[in-house]
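Here is a short tour of one protein model and the ligand it holds. Have the structure open as you read, and follow along residue by residue.

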Amino acid sequence: MPDITKNGILNAIKKVDDPNIDKNHLIFNSIKNFELKDNVLVLDLSLSVPQTAVNEELKTKISNIIKETFPELNSVRVNILAKITPHTDKRKDALLPGVKNTIAVASGKGGVGKSTVAVNLAVALAKDGANVGLIDADIYGPSIPLMLGIKEKPKIYEKDGKVVMQPLENYGIKMISIGFLVDDDAPVIWRGPMASGAVKQFMSDVNWGELDYLVFDMPPGTGDIQLTLVQTIPLTGAVIVTTPQEVSLIDARKALKMFNRVNVPVAGVVENMSYFIAPDTGKKYDIFGFGGGEKLSKELQVPFLGGIPIDSRIRIGGDKGVPIVFDLPDTEYSEIIMNISRNLARQINLINLNASSKVEILLDDEE
Ligand SMILES: Nc1ncnc2c1ncn2[C@@H]1O[C@H](COP(=O)(O)OP(=O)(O)OP(=O)(O)O)[C@@H](O)[C@H]1O
Ligand SMILES: [Mg+2]
């Protein structure tokens with residue numbers, strides 16, 4: 001019978017089948033506390049997962065596998081501490097020291113539901129316990145204030161001799177919009193340097209406080225302005241939103257190339273308007289085709305985060321300023337969006353772990 005050691009426990013946990021258990025990054029340091037007395041084991045594990053992944057199911061899976069591996073144990077108690085990993089990057093740390101991760105939500109084509117996805121993902125991450133901010137950087141059509149039901153303008157005040165802007169808050173997230181800088185009806189012709197100057201200000205002059213994720217709703221397209229913006233923002237990763245049909249996929253490929261050019265990892269593809277289920281008959285219609293997003297992510301070798309169906313409740317949520325994940329949390333569609341946000345959190349974590357230069361001892365399998 002093998003001794004019950006930290007190594008042995010970690011190697012047992014590596015066998016757990018759960019998307020939250022990333023066996024490549026289960027390291028000695030993951031065990032924060034290990035108490036073994038009279039064949040009773042108490043274990044505190046630190047995992048890089050969103051708070052809500054920490055549920056009874058995961059704890060049971062872990063304690064069951066430990067009990068199977070070490071049958072002499074009378075009881076196993078597992079506590080999990082969720083820890084969101086930060087993106088360590090000199091540019092980000094200088095500009096946004098309190099922000100752990102920055103995520104661009106982009107699309108090659110306009111009107112594919114990028115803002116809807118950005119808002120719902122931000123609110124979903126916050127519902128899972130993360131501190132989240134959202135920057136509406138869409139110079140062509142800032143729509144986030146409307147989608148979050150925010151009508152007022154941000155307060156501007158002096159703090160430590162510096163003029164700062166206080167982000168507005170709703171549904172547990174903080175938000176600033178490029179729309180606050182311009183009048184509603186006056187058209188603005190933005191140039192690259194102007195747009196990047198405004199977005200820079202939103203990073204340096206806004207009192208964001210401590211955030212786990214700062215999400216950027218980007219202007220659609222892959223032209224000079226978009227390229228300037230993705231060079232200006234120190235990004236942890238990007239999410240590309242597409243609809244299933246070929247015209248949208250062509251533009252999504254261009255967006256992916258743009259991020260590759262500036263060395264920003266793509267955290268994944270979200271397919272929006274994936275299908276429609278008729279509320280009266282329950283019949284499924286593939287209005288914009290089928291499987292395009294998944295095909296694209298295979299072709300480009302980036303993760304597929306999930307597909308969101310077309311539903312009038314999603315559109316209404318945007319129009320009335322109450323995102324569906326907040327308004328109708330118990331619906332299947334909210335559940336779909338919550339899952340996409342968890343997939344995104346996992347991918348961001350992987351990006352950080354892969355980029356981290358910290359060498360931690362990985363354990364060899366004990367056979
Ligand atoms: N899954 C969905 N089901 C139903 N309606 C949706 C869905 N996704 C987006 N919409 C609606 O489609 C319209 C366009 O969405 P949205 O504004 O989010 O797109 P966008 O890509 O940000 O557009 P733009 O390029 O203009 O910024 C909105 O009216 C929105 O409510
Ligand atoms: Mg938009």
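A good place to begin is the ligand site of this predicted model. A polar side-chain atom of Thr116 lies 2.5 Å from an oxygen atom of ligand 1. Two further polar pairs join it in the table below.

| Residue | Protein atom | Partner | Distance |
|---|---|---|---|
| Thr116 | polar side-chain atom | oxygen atom of ligand 1 | 2.5 Å |
| Gly111 | polar backbone atom | oxygen atom of ligand 1 | 2.8 Å |
| Asp138 | polar side-chain atom | oxygen atom of ligand 1 | 3.0 Å |

On its own, ligand 1 has 620 Å² of accessible area, and the protein covers 78% of that. Which elements give two or more residues to the shell around the ligand? They are α4 (114-127), β12 (266-277), β14 (304-310) and α10 (312-320). Of these, α4 makes the greatest contribution, with three residues.

The ligand is surrounded by 17 residues, and the closest are Gly111, Lys114, Ser115, Thr116 and Pro309. Sorted by class, the shell holds seven nonpolar, six polar and four charged residues.

Strand β12 deserves a second look, since one of its residues is Ser274. Is Ser274 buried or exposed? Its relative accessibility is 5%, so Ser274 counts as buried, the cut-off for that label being under 20%. Beyond its neighbours within four places in sequence, Ser274 is in contact with Pro244, Asp286 and Gly289, and also with Gly307, Ile308, Pro309 and Ile310. Pro309, in that list of contacts, is also among the closest residues to ligand 1.

Now turn to helix α7, which spans residues 224-232. Its buried residues are Ile225, Gln226, Leu227, Leu229, Val230 and Thr232. Where do they pack? Their partners are the helices α3 (90-95), α6 (192-204) and α8 (246-261).

Thr228 is also found in α7. With a relative accessible area of 24%, Thr228 is partly exposed, because that label covers values between 20% and 50%. When neighbours within four places in sequence are set aside, Thr228 is in contact with Gly192 and Ser196. Measuring along the chain, Thr228 and Asp217 are 11 residues apart, and their C-alpha atoms are 15 Å apart in space.

Next comes Phe180, in the loop between β9 (173-177) and α6. Phe180 is buried, with a relative accessible area of 15%. Which residues does Phe180 touch, not counting those up to four places away in sequence? They are Pro145, Glu152, Lys153, Pro154, Leu168 and Met175. Ile340 sits 160 residues from Phe180 along the chain, and 29 Å separate their C-alpha atoms.

Last, have a look at a pair of strands. Strand β6 (residues 156-159) and strand β7 (residues 162-165) run antiparallel and are joined by four bridges. Within the pair, Glu158 of the chain stands opposite Val163 in β7. The two strands form a hairpin with two residues between them. In the turn, Asp160 has a positive phi of about 50°.

To return to the ligand before you leave: Gly111, Lys114, Ser115, Thr116 and Pro309 are its closest residues, and α4 gives the most to its shell.

Conventions: Residues numbered from 1 in each chain as written. Chains lettered and ligands numbered in written order. Predicted model: local features only at pLDDT ≥ 70, side-chain atom pairs only at ≥ 80, totals over all residues. Heavy atoms only, no water. Buried < 20%, exposed > 50% of the residue type's maximum accessible area, 1.4 Å probe, protein only. Contact = heavy atoms within 4.5 Å. Near = heavy atom within 4 Å. Polar contact = N/O pair within 3.5 Å; in protein donor to acceptor, adjacent residues only side chain to side chain. Areas by Shrake-Rupley, 256 points an atom, 1.4 Å probe, with all protein chains shown as cover. Nonpolar A, V, L, I, M, F, W, Y, C, P; charged D, E, K, R; others polar. Pairing = 2+ DSSP bridges.
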